[in-house]
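Biologist: I should like to request a close look at a single part of this structure. Please explain each term as you use it, since a first-year student will be reading.

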Amino acid sequence: MGPRDTLNRLRWHPEFKLQDAKVAIVHRGLPDNIRVIEGGDIKELGPAFMRVVTPEGEVQIPYHRILRIEAQGRILWQKSEV
């Protein structure tokens, strides 16, 4: 199961809520090059990217930039180290 599948599970599974998720992504220029997106800021789950509202405006973030997905205090998906 990849990041898109995990986000869709959060969106549709009755046990979870997408707005409760925290999604860590690669974001060059920030400390440790990581930014955390709140699930409530995710507006669309497309085939290759998620559309997110940020302070800079609405952006598309490719799934390959996702490092970790957390919800309810646990890690649901994490990118494996290469």
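Modeller: The following account begins with one residue of the core and then turns to the strands around it. This is a predicted model, in which local features need pLDDT of at least 70, side-chain atom pairs count only at pLDDT 80 or more, and totals for chains, interfaces and linings use all residues. Residues are numbered from 1 along each chain as its sequence is written, and side-chain values use heavy atoms, with hydrogens and water left out.

Leu-7 lies in helix H1, which spans residues 3-12; helices (H or I, at least four residues) and strands (E, at least two) are DSSP runs, numbered from the N terminus. With a relative accessible area of 0%, Leu-7 is buried. Buried means under 20% relative accessible area, exposed over 50%, and partly exposed in between, using a 1.4 Å probe and protein chains only. Not counting residues up to four places away in sequence, Leu-7 touches Leu-18, Val-23, Ile-42, Leu-45, Met-50, Tyr-63, Ile-66 and Ile-69, where contact means heavy atoms within 4.5 Å. Leu-18 stands 11 residues from Leu-7 along the chain, and their C-alpha atoms are separated by 7.0 Å.

Leu-7 also belongs to the largest nonpolar core, which has 19 residues; Leu-7, Leu-10, Val-23, Ile-42, Met-50 and Ile-66 have the most contacts inside it. Such a core is a set of buried Ala, Val, Leu, Ile, Met, Phe, Trp, Tyr and Cys residues joined through side-chain atoms within 4.5 Å. The elements that give two or more residues to this core are H1 and the strands S1 (22-26), S3 (42-45), S4 (49-54), S6 (66-71) and S7 (74-78). S6 gives the most, with three residues.

Val-23 links this core to the strand pairing. Leaving aside neighbours within four places in sequence, the contacts of Val-23 include Leu-7, Ile-42, Met-50, Ile-66 and Ile-69. Val-23 stands opposite Ile-69 in S6, and S1 and S6 pair in the antiparallel sense over four bridges; two strands pair if DSSP finds at least two bridges between them.

S6 also pairs with S7 in the antiparallel sense over four bridges, and the bridge partner of Glu-70 is Ile-75 in S7. S6 and S7 form a hairpin with two residues between them, and Gln-72 in the turn has a positive phi of about 55°. Most residues other than glycine have a negative phi. At 49% relative accessibility, Gln-72 counts as partly exposed.
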